[in-house]
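Visitor: Please take me closely through the part of this model where the backbone takes an unusual turn, and then set that part beside other places in the chain.

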Amino acid sequence: MRRWNGWGDDGFEMATPQNGIQYLNQQVAAGPVLPDAQLEAVCAQVPSSRLPEHPLISTKAEDRVRHARGQSLPDWLAMRSGDFDVFPDGVCFPQTTEQVEEILQFAYMNDIEVIPYGGGTSVAGHINPLASDKPVLTIDMGHMNQLLDLNVDSQIATFGAGVPGPQVESQLRARGYTLGHFPQSWELSTLGGWVASRSSGQQSLRYGRIEQMFAGGTMVTPKGRLDIPTIPASSAGPDVREMVLGSEGRMGIISEVKVRVTPLPEQETFFAVFLPNFEAAKSAVRSIVQNKIPLSMLRVSNALETETQLKLAGHENLIKWLERYLALRGVSDGKCLLTFGVTGNKQQNKASLKQAFKFFKQFGGVKGPAMMGEKWAENRFKFPYLRENLWLEGYAVDTFETATDWHRVTDLMNDMESSVRNALKDEGIVPHVYTHLSHMYTQGCSIYTTYVFPNGKTYDETLARWKKIKKAASETVSNGHATISHQHGVGKDHAPYMAAEKGPLGMHSIELLVEGFDPKQLLNPGTLLQRKDK
């Protein structure tokens, strides 16, 4: 069963080896293990609903608790402490587009704020209700989870927007196809959520980001139903699909999604290569993407992430053997782990591997054991579970990410890490910070930073530490000629930093677009655009 106060299935735990915990303790001392609230006690706090009765709406306390927060670190602290602050007044579970239309009309007639809910995996505050004098209704799309149509000639599949990643793939695989969109939240996040937040999957190098997959669909708005036809390309003015992509529930509720799918590949394999330093690794992946070598995935861990991953992997004796082998091959201190994949038919993959290894050799790369690529593929959706395990050791874990052009990558990465390391200087704490590059483009790449810091003596103290780090990191990114988010979206947490990227006229245009679809500003207020009355 899904955890009510954390990530994923409560029957799964991701163990951290003892030597990994010892390594973290050497980097930054652990804080206290804070007590967890119980679900029954939190449900008892839920106030009476302010919503009018409607047959599609549940006002049960547990439904409202389970839809009150996402998966950001502040959400985590709220769930673990039991201090939620604000709950939605009710939750709706529509099963058809017609029911979505019905409930949205009901909300508009009764001046009810509406929050669309996909998989609840937001790490940027997309689904959190704000304090309001109006009732708040969360619309959970999870029952709209079926493959509705598959056109094999055009390779377009139509799904209900609430379908989660595993069901997308299982329903397509039964017909011989794949979407190929695998964000780290894939286990829980939904197709509609991917579109609404402009998601990027781990194999975007082959399949593209969600905007390359999104072919059309239906969005229910206060002004009526917006049906987007599936046309391969058009020069007829602005692309309406682009208005929906990244809209984050501010203009309407996506109810059906049409996506471009691909026949299942004949073969897919992942590999690990070690490069002597970060600049060599960065140059290798940049050369590969700019020469358009057809790989499906590329990821570079900087030296500290590489070290951390090896320490947290367990298998101490095997890692020692690997370290000795790499040192003999000239790859030692400062080494960086590069993980990559090939996907396609055997002949294509063979040619791609030959070209890729030519570049790796040019930059001093040494191929790692085959097991490392296999283990990456096996564990790639499990990292979010690490937060649970480290929490029980006295640590808080969070991430932030961006994207920028190649010539800025190294300086921005260093500035991002430095901003986190210095954010708690007044408390004498230096968080453990490390980074990887992923989602490569000919122009640049994404930069994804993880940090670990000790819990405070209380939940409030821990949250205050996070706020210092978040502010420092977000200011560094927004001042660094980079996007405030490459894949996590804007939500409420990143909304204050949007203007640095979009500019005054850009922000004004987005505001006009939102107001055009939602004149009463009842849809997901405070998300994407800051709420003006607060």
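**A close look at Arg198**

Guide: Arg198 is partly exposed, with a relative accessible area of 25%, where partly exposed lies between buried, under 20%, and exposed, over 50% (1.4 Å probe, protein chains only). This is a predicted model, in which local features need pLDDT of at least 70 and side-chain atom pairs pLDDT 80 or more, while totals for chains, interfaces and linings use all residues. Residues are numbered from 1 along each chain as its sequence is written, and side-chain values use heavy atoms, without hydrogens or water.

Although Arg198 is not a glycine, its phi is positive, at about 55°, and this residue sits in the loop that joins helix H7 (191-197) to helix H8 (204-207); helices (H or I, at least four residues) and strands (E, at least two) are DSSP runs numbered from the N terminus.

A second non-glycine residue with a positive phi is Leu528, at about 70°, and Leu528 belongs to the segment that follows helix H19 (498-517). Whereas Arg198 is partly exposed, Leu528 is buried, with a relative accessible area of 8%.

For the interior, consider the largest cavity, whose lining includes Ser72, Leu73, Val123, Asp398, Thr399 and Phe400, together with Trp466, Lys470, His488 and His494. A cavity is a set of 1 Å grid points, over the protein atoms alone, where a 1.4 Å probe fits but cannot get out, and lining residues have an atom within 4 Å of a point. Strand E16 (395-405) and helix H18 (459-478) each supply at least two residues of that lining, and E16 gives the most, with three residues.

Key
On a 1 Å grid over the protein atoms alone, a cavity is a set of points where a 1.4 Å probe fits but cannot get out, and a pocket is an open set with protein on both sides within 12 Å along at least five of seven lines; lining residues have an atom within 4 Å of a point.
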